[in-house]
Each structure stands twice: as C-alpha cells, then as structure tokens.
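Colleague: Could you take a close look at how the helices pack in this one? I'd like the cut-offs spelled out as you go.

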Amino acid sequence: MPDLALALVAAAAPVSAAEIAPNAGKLANLVRQDCGSCHGLTLRGGLGKPLTSENLKIWNREQLVGIILDGVPGTPMPPWRALLSEGDAQWIADRLQQGNLP
C-alpha cells in the first residue's frame, strides 16, 4: 500500500517546463530556419554571431537561455519567450554548446 500512495503523490506533483521533454525535431528546425535567418543557415554567422560550440564557450547555459528567451536589447536579437518554454531554451542552449543539433 505505501508504494501506491507514493505513486499517487508523484503523479500529482507539478511538473516544471524544464522537466518536459521538448520536441527535438521541431526545435532543431526552428533553430536552423528561424535562428539561421540571422545566424546563417549553417549557424556559422551572418547578421548574428556564429552559434557554433566553439563560439558559445564564453557563455554558460543560464546565460544562453536568458539570451534566447529575453533577446539582447539594442541588437537585432529578439526575445523568444513568447514562443519557447524555458525547457525548450535549455534544450537549444545545450545542443548548440555541445555542437550536436539534430
């Protein structure tokens, strides 16, 4: 019976946006198409800076998530918070920093 109670408590616990698995295909396409329109279709730079793992070493994950969600004032980098969850932004930041965007 304790196992059942534990399962019910776990099922009722709220899930944060960061814990929800993002749709990898959708996000990879968004990065390549929408981000690529400024950062270059190969993500090696254009109007925006390169989004290669080498160029992103200077920022930590939280900084990149903030840039993705809130943009960079005074630059063409727009905020994406209205379209992306924090979990989505974390997934994007991780893939770009690791250089393994699908």
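Modeller: α3 crosses α4 in a right-handed sense, that is, the near helix is turned clockwise from the far one by less than a right angle, where anticlockwise would be left-handed. Keep in mind that this is a predicted model: local features need pLDDT of at least 70, side-chain atom pairs count only at pLDDT 80 or more, and totals for chains, interfaces and linings use all residues. Residues are numbered from 1 along each chain as its sequence is written, and side-chain values use heavy atoms, with hydrogens and water left out.

Helices here are DSSP runs of H or I, at least four residues, numbered from the N terminus. Two packed helices are described by the angle between their axes and the distance between the axes. For α3 and α4, the axes come within 9 Å and cross at roughly 120°; axes are lines fitted to C-alpha atoms over the stretch in contact, with angles from 0 to 180 degrees between N-to-C directions. That pair is therefore oblique, the label left over once angles under 35 degrees are called roughly parallel, over 145 roughly antiparallel and 65 to 115 roughly perpendicular.

Who touches whom? On the α3 side there are R61, L64, V65, I68 and L69, and they meet E86, A89, Q90, I92, A93, D94 and Q97 of α4, with contact meaning heavy atoms within 4.5 Å. Sorted by class, that contact holds 7 nonpolar, 2 polar and 3 charged residues. Nonpolar covers Ala, Val, Leu, Ile, Met, Phe, Trp, Tyr, Cys and Pro, charged covers Asp, Glu, Lys and Arg, and the others, Gly among them, are polar.

L83 sits in the loop between α3 (61–70) and α4 (86–98). L83 is exposed at 63% relative accessible area (exposed is over 50%, buried under 20%, partly exposed in between, with a 1.4 Å probe and protein chains only). From L83 to L69 it's 14 residues in sequence and 8.7 Å in space, C-alpha to C-alpha.

Now the other partner of α4. Helix α2 (residues 24–39) and α4 have axes that come within 11 Å and cross at roughly 65°, so α2 is roughly perpendicular to α4. This crossing of α2 and α4 is right-handed. A24, L27, A28, L30 and V31 of α2 meet D88, W91, I92 and L96 of α4, and the contact residues split into 8 nonpolar, no polar and 1 charged.

Definitions and conventions: Helices (H or I, at least four residues) and strands (E, at least two) are DSSP runs, numbered from the N terminus.
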